[in-house]
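User: I'd like a close look at one sheet region in this structure, with a neighbouring topic added if there is room. Please walk me through it in plain terms.

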Amino acid sequence: MRKKVLLYNPVAVFFDMPLALLAIGSILDPKKYEVIIVDGRIDENPIGKLELHLEDAVCLGVSVLTGGPIKDALQVTKAIKKTKTNLPIVWGGWHTSMFPEQTLKDEECIDVTVQGQGEETFKELVDAFASNSELLNIKGICYKNANGEIIKNAPRVITKMDEFSDVNYDLIDVEKYFEKKGKRQLDYISSTGCFFRCSFCADPFVYNRKWTGISPEIMVNKLEKLYAKYKFTDLNLQDETYFTYRDRVIEISEKLIEKDLKFTWAATMRADQGSRMSFEDFETCAKSGLRRLLIGVESGSQEMMDWLKKDIKIEQVFSCAAICKKLNISVQFPFIVGFPEETDKSVEETVKVALQLNKMHKSFQTPVFYFKPYPGTTITDNEVKKGYKLPQTLHEWSTFDFVGSIGPWVSKEKYTFFERFKFYSKLAYSKQSIIYLPLQLVAKLRCNLGFYNFPIEKLIVDKLYKKQQLA
């Protein structure tokens with residue numbers, strides 16, 4: 001009789017498929033274990049659903065992001081631990097990769113935390129739980145021993161993704177995610193990690209600037225099977241840096257064309273990666289279905305970019321934009337404002353570059369985010385040394401979300417300005433219904449004049465359409 005492994009995905013405001021749970025669930029031996037994935041965003045009464053399977057359960061695994069999801073994860077974890085006190089509970093994900101010990105100190109109901117890539121680690125954990133074996137030699141975990149002491153094992157070296165078995169999407173109800181998204185979009189990860197050193201990002205800390213990706217032939221063969229089975233129309237690649245290797249990307253695109261797979265796809269790209277590709281390379285990607293890129297700019301100031309260790313040039317951003325314009329590829333160019341050492345000149349240049357990109361093409365977007373002092377980043381570490389106080393407990397981290405996580409470097413004036421700028425630049429240059437044409441013309445005039453005071457139009461629209469604040 002197979003034993004059950006329970007996995008829980010906490011409540012959040014987006015409906016991406018729980019790829020982390022799918023990955024660790026798919027690596028387990030299906031002859032030994034039955035994997036039950038419960039998603040707080042999809043399933044009604046998730047605690048009740050988990051409790052149905054507790055009798056034969058080996059453990060409960062929870063994937064946790066810093067911020068709001070911690071609250072829900074704690075509520076579910078405590079409820080399950082109360083019902084079955086001897087059930088091992090494992091937390092993994094970004095938060096436990098950065099706070100492996102603190103998470104265990106703060107909550108008695110959590111027994112093990114996982115750091116970094118979790119597939120092999122979780123497989124070894126489940127086998128150990130099933131056989132009542134010691135955890136001492138399992139790499140990439142923190143755990144409490146029989147005396148309640150917290151033990152941190154050696155880290156795990158990143159495993160090549162080609163070595164993992166196929167992700168079994170049948171572990172979730174794929175159609176429910178299509179329904180929630182409003183389109184038949186399949187989420188997929190083709191690579192893990194990142195080689196780069198951006199000082200505002202936690203990736204260098206979590207993956208130690210390592211990267212691994214599925215090889216082209218294996219990946220396209222997997223996608224062909226998934227396409228035949230789920231009939232998706234769009235592929236959302238969740239890689240941190242999909243375009244890490246130009247040859248890999250082009251080979252994947254050529255194989256997608258060869259197999260005549262009729263879906264579109266979206267992915268992340270660094271501007272320096274795009275600048276090393278030819279127009280023909282972009283054309284091949286577009287022919288294979290590329291519909292949208294996300295190219296992080298972060299700042300319109302080269303000086304600020306260099307301080308962020310972004311290792312790209314503004315010229316490379318515009319080079320990519322020019323090609324995407326010709327090929328009608330949509331692009332999101334995210335910016336970040338509110339860094340500790342940000343100058344007024346840097347802010348002005350960010351606004352200038354964002355408007356230039358917006359004006360290039362109606363399907364170019366320039367979302368502006370506020371710097372969040374995210375743990376594990378170089379900037380945050382430096383600010384902590386200067387006296388900045390990060391949350392000290394798991395409960396405090398659960399409030400580290402959106403407005404609550406904006407640092408003291410964002411003045412009220414700066415926040416007000418950028419909220420207005422974001423509204424008017426989006427209204428002015430993105431695709432709008434014809435009924436918004438008068439407002440769009442006013443918005444364009446405002447952007448050209450740089451005048452965002454007395455935002456009557458914004459007040460009206462905000463009142464009519466309440467916007468959900470995303471984490």
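Analyst: In β7, Ile-150 is the bridge partner of Lys-144. Before we go on, this is a predicted model, where local features need pLDDT of at least 70 and side-chain atom pairs count only at pLDDT 80 or more, while totals for chains, interfaces and linings use all residues. Residues are numbered from 1 along each chain as its sequence is written, and side-chain values use heavy atoms, leaving out hydrogens and water.

Strand β7 covers residues 150–152 and runs antiparallel to β6, with three bridges joining them. Strands here are DSSP runs of E of at least two residues, and helices are runs of H or I of at least four, numbered from the N terminus; two strands pair if DSSP finds at least two bridges between them. β6 and β7 make a hairpin with five residues between them, and in the turn Gly-148 has a positive phi of about 85 degrees. β6 (residues 141–144) also pairs with β5 (residues 112–114), antiparallel and over three bridges. There, Ile-141 of β6 stands opposite Val-114.

Now for a helix. In α7 (residues 174–181), Val-174, Tyr-177, Phe-178 and Lys-181 are buried, meaning under 20% relative accessible area (over 50% is exposed, in between partly exposed; 1.4 Å probe, protein chains only). Seen down the axis of α7, these buried residues fall within an arc of 105 degrees, so they line one face of the helix; the arc is that of the directions from the helix axis to the C-beta atoms. They pack against β2 (33–39), β8 (185–188) and α9 (216–230), contact being heavy atoms within 4.5 Å. Gly-182 follows α7 and has a positive phi, near 80 degrees.
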